[in-house]
Amino acid sequence: MFDATMKTAAEATLTQMKQAFQGFATVPVQFHVAPAVEEFAARGAQTAKAHLADADAAARKAAASAEALSVSLAGAHADLTRAAVESAVANATMAIDAVQHVLAASTLQEALQRQGDFLKAFGEANLTRAQDGLARARDVATDSVKAMQAEAATFTAGFKAA
């Protein structure tokens with residue numbers, strides 16, 4: 001039963017296709033398009049090409065800006081990483097110097113005083129480093145957001161103009 005149904009459906013479809021092709025056989029070989037329609041289509045094509053070129057230029061500019069922003073962020077990240085490494089080296093150097101300085105004390109009280117001085121200097125140095133690092137990170141984030149906002153405004157303005 002299924003085969004008979006499929007065969008009937010296929011024959012009906014083929015009959016419809018044959019009728020459609022026969023209908024196309026009666027259509028004249030040449031279509032005449034009015035000159036106004038040709039001009040309209042040509043102007044539309046030129047306008048579309050111009051808008052496509054503008055969109056391409058805007059996309060390329062946005063990509064270049066994104067690349068510059070990425071490079072800038074990578075540089076800022078490298079700067080922050082470099083500062084963290086320098087801070088670690090400075091802390092290690094301070095600690096080694098403090099150990100030598102404490103060991104050179106002649107009395108226990110002098111050693112405790114030297115250790116207290118080291119802890120104070122160590123804390124102050126790290127607080128200053130942390131403040132500088134946070135200020136640098138804040139500046140990078142602010143500059144990045146401003147750059148992204150400017151690029152987004154430029155990019156969307158290009159679409160509004162189109």
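The conversation below walks through a predicted model of a protein chain and asks how its labels were reached.

Visitor: Let's start with the overall fold. How many helices and strands are there in the protein chain?

Guide: There are three helices and zero strands. Read along the sequence, that gives the pattern α-α-α.

Visitor: What makes the protein chain depart from a compact globule?

Guide: Set the radius of gyration against the globule rule: 162 residues would give a value near 15 Å, but the protein chain has 38 Å. Along its principal axes, the C-alpha trace spans about 115 × 55 × 20 Å. As for the surface, the protein chain exposes about 12800 Å², with carbon and sulfur atoms supplying 66% of it. Of the 162 residues, 8% count as buried.

Visitor: How do you know that the span of helix H2 agrees with its number of residues?

Guide: Helix H2 covers residues 35-103, which is 69 residues. The expected span takes 1.5 Å times one less than the number of residues, so H2 should span 102 Å. The end C-alpha atoms of H2 are 101 Å apart, and therefore the two values agree.

Visitor: Which residues in H2 are buried?

Guide: They are Ser65, Leu69, Ala76, Ala83, Ser87, Asn91 and Ala98.

Visitor: Why is Asn91 called buried?

Guide: Asn91 has a relative accessible area of 17%, and buried means under 20%, so the label fits Asn91. Leaving out residues up to four places away in sequence, Asn91 touches Phe122, Asn126 and Arg129.

Visitor: What makes the pair of side chains of Asn91 and Asn126 a polar contact?

Guide: The two side chains meet at 2.9 Å, and the cut-off for a pair of N or O atoms is within 3.5 Å. The pair therefore counts as a polar contact.

Visitor: Is Arg114 buried or exposed, and how do you know?

Guide: Arg114 lies in helix H3, residues 108-161. Its relative accessible area is 18%; with the limit for buried set at under 20%, Arg114 is therefore buried.

Visitor: What does the side chain of Arg114 reach?

Guide: The side chain of Arg114 reaches the backbone oxygen of His101 at 2.6 Å. Not counting residues up to four places away in sequence, Arg114 touches His101, Val102, Ala104 and Ala105.

Visitor: Now to the rings. How many aromatic pairs does the structure hold?

Guide: The structure holds one aromatic pair. It is formed by Phe118 and Phe122, whose ring centres are 5.3 Å apart.

Visitor: Why is the pair of Phe118 and Phe122 called tilted?

Guide: The planes of the two rings are at 40°. Under 30 degrees would count as stacked and over 60 as edge-to-face, with the rest tilted, so this pair is tilted. Phe118 and Phe122 both lie in helix H3, four residues apart, about one turn of the helix. An α-helix has 3.6 residues a turn, so residues three or four places apart point the same way.

Visitor: Why is Phe122 called partly exposed?

Guide: Phe122 has a relative accessible area of 25%. Buried needs under 20% and exposed needs over 50%, so Phe122 is partly exposed.

Visitor: Which residues is Phe118 in contact with, beyond its neighbours within four places in sequence?

Guide: Phe118 is in contact with Met94, Ala95 and Ala98. By contrast, the C-alpha atoms of Phe118 and Thr26 are separated by 102 Å, with their positions 92 residues apart along the chain.

Notes: Residues are numbered from 1 along each chain as its sequence is written. This is a predicted model: local features need pLDDT of at least 70, side-chain atom pairs count only at pLDDT 80 or more; totals for chains, interfaces and linings use all residues. Side-chain values use heavy atoms; hydrogens and water are left out. Helices (H or I, at least four residues) and strands (E, at least two) are DSSP runs, numbered from the N terminus. Buried means under 20% relative accessible area, exposed over 50%, partly exposed in between (1.4 Å probe, protein chains only). A polar contact is a pair of N or O atoms within 3.5 Å; within protein, one must be able to donate a hydrogen and the other to accept it, and residues adjacent in sequence count only if both atoms are side-chain atoms. Contact means heavy atoms within 4.5 Å. Rings of Phe, Tyr and Trp (its six-membered ring) pair if their centres lie within 6.5 Å; planes under 30 degrees apart count as stacked, over 60 as edge-to-face and the rest as tilted. The radius of gyration is taken over C-alpha atoms; the globule rule is 2.2 Å times the number of residues to the power 0.38. Accessible areas come from the Shrake-Rupley method with a 1.4 Å probe; for residues, only the protein chains shown count as cover.
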